Amino acid sequence: MNFKEHFNLPDDLIYLNTPGNGLLPKETLAWRQKWEQDFFEIKSNLRDEQPEFIYSVKETVADFFHSKPENTYLTPNFSFAFATLLDLLPEQLTYLVLEDEYPSLQYPLVNRKLKFFSIPVSAKLEETILNGIEQHKPDVLVLSLVQYISGLMIDLDFIKNLKKSHPNLLIIADGTQYLGVAPFDFQESGIDALAGSGYKWLLSGFGNGFILLSDQLKLMLEDLKSDVPLPQVAMWKNKKILDTFFEPGHQDTLSHGTLQSSLRFLKKQGLQNIQDHIKVLSDEAYKLLLERDLILPYIAERNIRSSLINVQIPQELYPNLMNMGIKCFPRGTGIRIGIHLYNDLKDIHNFVNIIESLR
């Protein structure tokens with residue numbers, strides 16, 4: 001399938017910086033322009049219909065990830081959602097977290113002085129997690145589904161089985177670097193809280209995010225706040241207790257509407273089609289980069305790999321890559337790239353050829 005035609009991509013540019021921020025589809029850009037114009041039209045009713053519109057976005061998010069609308073909360077980003085969740089949980093809980101995690105996932109544990117244990121990232125990540133659980137007996141496992149620097153991806157079946165074998169372990173996941181590249185069923189995932197921002201692989205621009213809660217975790221949080229009276233003011237009369245934490249104020253219809261538009265676009269293209277397309281490109285990229293010894297060793301050892309790749313070339317080459325039309329970013333010990341639906345095999349081959357010319 002030719003996904004590239006749905007994006008405003010110039011012929012002289014190879015866009016591989018989706019892990020930094022993804023591109024908006026043409027139809028999402030058109031939606032934004034029309035919405036802005038209609039929203040500020042004096043005679044428009046859109047400004048007064050904000051609650052109904054936001055709820056429709058919530059329904060779209062829930063449908064896309066196979067969650068429940070009543071367990072879905074719209075937030076400005078992952079960071080707000082995760083920090084809010086931490087503040088709702090009992091302070092005495094202990095956490096297990098991976099080393100070198102995304103700062104918005106790791107630092108809130110630090111600045112709240114919560115008790116946590118860090119475990120190293122390696123080719124045998126799942127085994128390391130099991131050992132960490134056995135050794136530290138945490139109440140909560142916190143992790144990104146795909147690591148933002150290395151691209152290491154957790155085995156999603158492992159998470160599902162982990163929840164079955166440890167039903168009392170709360171599993172909180174950041175899906176920002178994964179969601180949007182494949183079908184995902186939250187209710188079958190084994191994850192208790194899944195949060196994400198929309199500006200990367202979901203192609204939704206800045207200012208939107210969400211958090212999905214399992215029935216188990218939602219009930220737990222509601223029980224913890226059972227002694228708090230619900231709002232009595234008329235404008236908040238329909239808010240549940242968790243709404244007052246995750247969705248406390250006004251919500252930007254343009255930002256969340258952009259998320260809705262892009263989710264509809266991705267669903268229309270078919271998430272299985274997108275996954276199949278990305279796999280072909282990623283397999284080719286790994287093949288060519290492995291031949292040149294440009295993949296992190298612990299990633300090379302794993303069978304499960306993401307489409308976020310840290311290419312082991314000197315970061316000093318970054319300006320040259322940018323000047324030659326490669327959108328990427330220096331991270332960790334190399335140059336980070338991401339392969340999404342708007343890339344094709346020509347992009348992969350040209351990227352590798354440019355690397356070869358610079359080495």
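**Exercise 1. Describe the surface and the burial of this predicted chain.**

Start with the surface: the chain has an accessible surface of about 16,600 Å², and 52% of that belongs to carbon and sulfur atoms. These areas come from the Shrake-Rupley method with a 1.4 Å probe. Next, look inside: of the 359 residues, 54% are buried (under 20% relative accessible area, 1.4 Å probe, protein chains only).

A note before going on: this is a predicted model, where local features need pLDDT of at least 70, side-chain atom pairs count only at pLDDT 80 or more, and totals for chains, interfaces and linings use all residues. Residues are numbered from 1 along each chain as its sequence is written, and side-chain values use heavy atoms, leaving out hydrogens and water.

**Exercise 2. Work out why the chain counts as compact.**

First, list the elements: the chain has 13 helices and 12 strands (DSSP runs, numbered from the N terminus: helices are H or I with at least four residues, strands are E with at least two). Now compare sizes: the radius of gyration is 21 Å, close to the 21 Å from the globule rule for 359 residues, so the chain is as compact as a globular protein of that length. The radius is taken over C-alpha atoms, and the rule is 2.2 Å times the number of residues to the power 0.38.

**Exercise 3. Trace the open sheet from edge to edge.**

Follow the order β2-β8-β7-β6-β5-β3-β4: these 7 strands form an open sheet with mixed pairing (strands pair if DSSP finds at least two bridges between them). At the edges sit β2 (72-75) and β4 (115-119), each pairing on one side only. Finally, zoom in: β2 and β8 (residues 209-213) run antiparallel, joined by 4 bridges, and T72 has L212 in β8 as its bridge partner.

Key: Buried means under 20% relative accessible area, exposed over 50%, partly exposed in between (1.4 Å probe, protein chains only).
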